[in-house]
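Hi,

Here is the structure I promised to pass on. Have a look at it first, and then read my notes below.

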Amino acid sequence: MNKPLKSASTTNRDDRIELGNEKQCELFGEHMRGFQTSGPEEERHIKRWLAGNCFGDNYTRMGLTGAQREMITFCFLSALGTEPQLKSHIGGNFHVGNDAHYLINVISNCMPYIGYPRTLNAIRCIHEMEK
């Protein structure tokens, strides 16, 4: 059976967590190095999933730039109302070149879909991260 698209994956079972953690460090800084093995043991499985799946399987894929990926993540997290994660990804957006002006334009276009409260919360988070 032919797949509609060629695989865009850049990781495999053996390196996805390591490469995902590299991507986390690239976006958010060196303080993320080893994140998947930090903290209480009962929480590490979630951190491994985050490094391996979210960042290893998805963020390392070919097809979108880091700026595009972070902008999309910003939109989704704004819609979900997850402000701690939103702030982290606003920082990631700044790191890949998406500035506050750009993000305000993006969230303005999301407003009809996510509502005024979440739009205003996202704008507040942008300004908090600018400081």
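**Threonine 60 and what surrounds it**

If you set aside the neighbours within four places in sequence, threonine 60 is in contact with Thr10, Thr11, Leu19, Lys23 and Phe55. Threonine 60 itself sits in the loop that runs between H2 and H3, and at 16% relative accessibility it counts as buried. Before going further, please keep in mind that this is a predicted model.

**The overall picture**

The protein is made of six helices and has zero strands, so from the N terminus on the order of elements reads α-α-α-α-α-α. Its C-alpha atoms fill a box of roughly 45 × 45 × 25 Å along the principal axes. Of the 131 residues, 33% count as buried. The accessible surface comes to about 8300 Å², and 57% of that belongs to carbon and sulfur atoms. I also looked at contacts between residues at least 6 apart in sequence: 61% of these join residues at least 24 apart.

**Helix H1**

H1 covers residues 16-28. Does its length make sense? I'll put it another way: what should its 13 residues span at 1.5 Å a residue? The expected value is 18 Å, and the end C-alpha atoms of H1 are 18 Å apart, which agrees. The buried residues in H1 are Gly20, Asn21, Lys23, Gln24, Cys25, Leu27 and Phe28. What do they pack against? The partners are H2, H3 and helix H4 (83-95). Just after H1, glycine 29 takes a positive phi of about 115 degrees.

**The aromatic rings**

Searching the whole structure turns up two aromatic pairs. One of them joins phenylalanine 28 and phenylalanine 55, with 5.9 Å centre to centre and 90 degrees between the planes, an edge-to-face arrangement. Phenylalanine 28 lies in H1 and phenylalanine 55 in helix H2 (residues 41-59), so this pair ties together parts that are 27 residues apart in sequence. Both partners are buried: phenylalanine 28 has a relative accessible area of 18%, and phenylalanine 55 has one of 3%.

Then there is the pair of phenylalanine 55 and tyrosine 59. Their ring centres are 4.7 Å apart with the planes at 40 degrees, so this pair is tilted. Both residues lie in helix H2, four residues apart, which is about one turn of the helix. An α-helix has 3.6 residues a turn, so residues three or four places apart point the same way. Tyrosine 59 is buried too, at a relative accessible area of 9%. Taken together, the ring pairs link Phe28, Phe55 and Tyr59 into a cluster.

One more ring is worth a look: the charged end of lysine 47 sits over the ring of phenylalanine 35, at 4.8 Å from its centre.

**The cysteines**

How many disulfides does the structure hold? The count is zero. A disulfide is a covalent bond between the sulfur atoms of two cysteines. Why is cysteine 54 not in one? The closest cysteine sulfur is in cysteine 25, and at 14 Å it is too far for a bond. Cysteine 54 counts as partly exposed, at 25% relative accessibility.

Cysteine 75 is in no disulfide either, and here the nearest cysteine sulfur, that of cysteine 110, is 3.6 Å away. The cut-off used for a disulfide is a pair of sulfur atoms within 2.5 Å, so this pair does not count as one. Cysteine 75 is buried, with a relative accessible area of 17%.

**Serine 78**

The last residue I picked out is serine 78, which lies in helix H3 (residues 66-80). Is it buried or exposed? Serine 78 is buried, with a relative accessible area of 2%. Leaving aside neighbours within four places in sequence, serine 78 is in contact with Leu86, Ile107, Ile114, Arg118 and Ala122.

Best wishes

How values were computed: Residues are numbered from 1 along each chain as its sequence is written. This is a predicted model: local features need pLDDT of at least 70, side-chain atom pairs count only at pLDDT 80 or more; totals for chains, interfaces and linings use all residues. Side-chain values use heavy atoms; hydrogens and water are left out. Rings of Phe, Tyr and Trp (its six-membered ring) pair if their centres lie within 6.5 Å; planes under 30 degrees apart count as stacked, over 60 as edge-to-face and the rest as tilted. Helices (H or I, at least four residues) and strands (E, at least two) are DSSP runs, numbered from the N terminus. Buried means under 20% relative accessible area, exposed over 50%, partly exposed in between (1.4 Å probe, protein chains only). A charge sits over a ring if NZ of Lys or CZ of Arg is within 6 Å of the ring centre and within 35 degrees of the ring normal. Contact means heavy atoms within 4.5 Å. The expected span of a helix is 1.5 Å times one less than its number of residues. Accessible areas come from the Shrake-Rupley method with a 1.4 Å probe; for residues, only the protein chains shown count as cover.
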